[in-house]
Amino acid sequence: MYLEKINSPSDVKKLSIEQLKVLAEEMRAALIQKLSVHGGHCGPNLGMVEATIALHYVFDSPKDKIVFDVSHQSYCHKMLTGRKDAFLYSEHYDDVTGYSCPEESEHDFFTVGHTSTSLSLACGLAKARDLKGGKENIIAVIGDGSLSGGEALEGLDFAGEMTTNFIAVINDNDMSIAENHGGMYKNLRLLRDTDGKAECNLFKAMGLDYVFVKDGNDIEALIKAFEQVKDSAAPVAVHIVTEKGKGLSFAEKNKEKWHWAAPFDPETGEPKYPWGGEDYSSVTADYLLKKMKADKKVCAITSATPTVFGFTSDKRAEAGAQFIDVGIAEEHAVAMASGMAKGGAKPFYGVYSTFLQRTYDQLSQDLCINSNPAVISVFAASVYGMTDVTHLGIYDIPMLSNIPNMVYIAPTTKEEYLAVLDWAMEQTEHPVAIRIPGGEMVSDGKTVTKDFGILNKYEMTRSGSKVAVIALGTFYDMGVKAAELIEKNTGVKPTIINPYYITGIDAEMLESLKNEHDVVITLEDGILDGGFGEKIARFYGGTKVKTLNFGLKKEFLDRYDPSAVLRENHLTPEQITEDVCKVILNTV
């Protein structure tokens, strides 16, 4: 096996073309085996096998610097840069991350997991090289889907004005996560159909030279193209046409489903751990489709992740023009939603928390200053969400809750979520964001009668004394369990409060607690700094009421175990009870 003997790119350069082809087969087989057991980004890596081999055959990494956009297609790069054991042997599967990581290898230059950034990062490396008088090649590898992100176009715009070496490898597989959307893809299709000869050429228009590779899974053609542009003295785009999911028949046929995959049977594609139950994504899709049929003004917006709120291809077809995919352009999605709301439509934007942070300016400037009633459902905003350092969703509370005019609400159950969503879609006064609970969906079957239009009114679900537990969103159930333990251990029956509102405080209720309570504790599924609990602590700052804020400390976590993180932050009912009991004893 050739792959077993690859310890650095220099070993790749020793192989003949025929041997490189065998290496590609071995790499693809290793990918499929690991992915079937471990899960991970499937389609992007299977399509990049030959291109990655050719890059390392021609260029001299790490002297020549390769920057992968998103970097979820860098598995093959890791195989060829000293990390092949993490793909060959199951005991080493977790030795590497799913993204580029400078801590792992000198061949990785950035920890990156968000899209559309490689061109800008590479421009920075090229400028630094030129300032130091260097001569190395700078290569940005970016997929066609990532080009719909505004930063990618900003990077292309800057690169086109450079008069020095800069190589953009455009990996065009005619896909984002789902299908591509946007006018530029008409040009990419034209370039594919004309073998790159069309007069209308996005990359030339931006000021880059242009090389087209019709078969981006042909090692010989790729090597020829990369040798042509190596050491170029001007910016150049190498447009390669690849097949997403290549080598895995069901991934080739269903590219969207196999962008990322949980463990599966490599022969059939059947998931090893099937999940077909109801969740917040499916609940959202069902609600929106029903709403759309009753009201043509209702519209669902996604920024290239339609299944985040359950809109699989069949549901997208059912929604028709009432479904909009803006591509990987979260900023545009928020501003467009604001414009639609201003125009009398009822826009819903579903987005992962980690990607919503890219839109801070639009949330503030375009949406909230104008108080337009767009609705945003924020998914995976939880310690139970995505756990890669590049995809953390736990920073949303400090960001969203401190923008004036925003109403950010944290339901605790399916029933509460649907009630909040229905109110938000019909009201016309506020931009509303809804924090989808993390972990497994909780459904208690209770009818929700609360009027969410009366802002910042908390709900006291149990009246007690001495201790009040204000438990937000996902952690409401933890608050209930902690209250039960406190009562069991001390005889004190705590008050329990579901606050709902993250963006404001219920001053009347908080004031009333002073009469019978010595301790108020807050629980939130997010970062404490600038978060919900601090608002409560500030309210009681000049009083005798002691406040304990339970949440997550500010840090970049990576590939963590949620249970371990909760324990480290004293976020278990037992630890909360222990901390509260210490305070109670000191107040007696």
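In these legends, two residues are in contact when their heavy atoms lie within 4.5 Å. The model shown is a predicted one.

**View 1. R129 and its surroundings.**
Let us start with a single side chain: R129 sits in helix α7. Is this arginine, R129, buried or exposed? With a relative accessible area of 2%, R129 is buried, because the cut-off for that label is under 20%. Setting aside neighbours within four places in sequence, R129 is in contact with G134, K135, E136, N137 and I138. T164 and N165 complete the list of its contacts.

**View 2. Helices α7 and α8 side by side.**
Here we stay with α7, which spans residues 118–132 and packs against α8 at an angle of about 35°. The two axes are 7 Å apart. From α7, the contact is made by L119, S120 and C123. On the α8 side, E151, A152, G155, L156, F158 and A159 take part. Sorted by class, the residues in this contact are six nonpolar, two polar and one charged.

**View 3. The five-stranded sheet.**
Stepping back a little, we meet an open sheet of five strands, with the order β2-β3-β4-β6-β5 and parallel pairing. Which strands lie at the edges? They are β2 (65–68) and β5 (209–213), each of which pairs on one side only. From one strand to the next, the twist averages 20°.

**View 4. Edge strand β2 and its partner β3.**
Now take a look along β2, where K65 and V67 point one way while I66 and F68 point the other way. Residues on both sides are buried, K65 included. Strand β2 pairs with β3 in the parallel sense, over four bridges. Within that pairing, V67 has A140 of β3 as its bridge partner.

**View 5. Strand β4 between β3 and β6.**
This close-up follows β4, residues 166–172, in which seven of seven residues are buried. Both faces are covered: F166, A168, I170 and D172 lie on one side, with I167, V169 and N171 on the other. Towards β3 (residues 138–143), β4 forms five bridges in the parallel sense, and I139 stands opposite I167. How does the chain get from β3 to β4? The path goes through helix α8 (residues 150–159), giving a right-handed β-α-β crossover. Towards β6 (residues 235–241), seven bridges join the two parallel strands. There, A168 of β4 has A237 as its bridge partner.

**View 6. Helix α9 across the sheet.**
Helix α9, made of residues 184–193, lies across β4, β5 and β6. Relative to β6, α9 runs at about 75°.

**View 7. The nonpolar cores.**
As a backdrop, nonpolar side chains in soluble globular proteins tend to be buried together. In this model, the largest nonpolar core holds 53 residues. Which of its members touch the most others? They are L23, M27, L31, I53, F226 and V238. Helix α2 (residues 17–38) supplies the largest share of this core, eight residues. Zooming in on I53, and not counting residues up to four places away in sequence, we find that I53 touches V12, L20, L23, A24, M27, L80 and I219. Another core, of 43 residues, lies apart from the largest one. Its members include I301, A381, I397 and M509.

Note on methods. Residues are numbered from 1 along each chain as its sequence is written. This is a predicted model: local features need pLDDT of at least 70, side-chain atom pairs count only at pLDDT 80 or more; totals for chains, interfaces and linings use all residues. Side-chain values use heavy atoms; hydrogens and water are left out. Buried means under 20% relative accessible area, exposed over 50%, partly exposed in between (1.4 Å probe, protein chains only). Two strands pair if DSSP finds at least two bridges between them. A crossover is right-handed if, with the strands pointing away from the viewer, the path from the first strand over the helix to the second runs clockwise. Axes are lines fitted to C-alpha atoms, for helices over the stretch in contact, and angles run from 0 to 180 degrees between N-to-C directions. Ala, Val, Leu, Ile, Met, Phe, Trp, Tyr, Cys and Pro count as nonpolar, Asp, Glu, Lys and Arg as charged, and the others, Gly among them, as polar. A nonpolar core is a set of buried Ala, Val, Leu, Ile, Met, Phe, Trp, Tyr and Cys residues joined through side-chain atoms within 4.5 Å.
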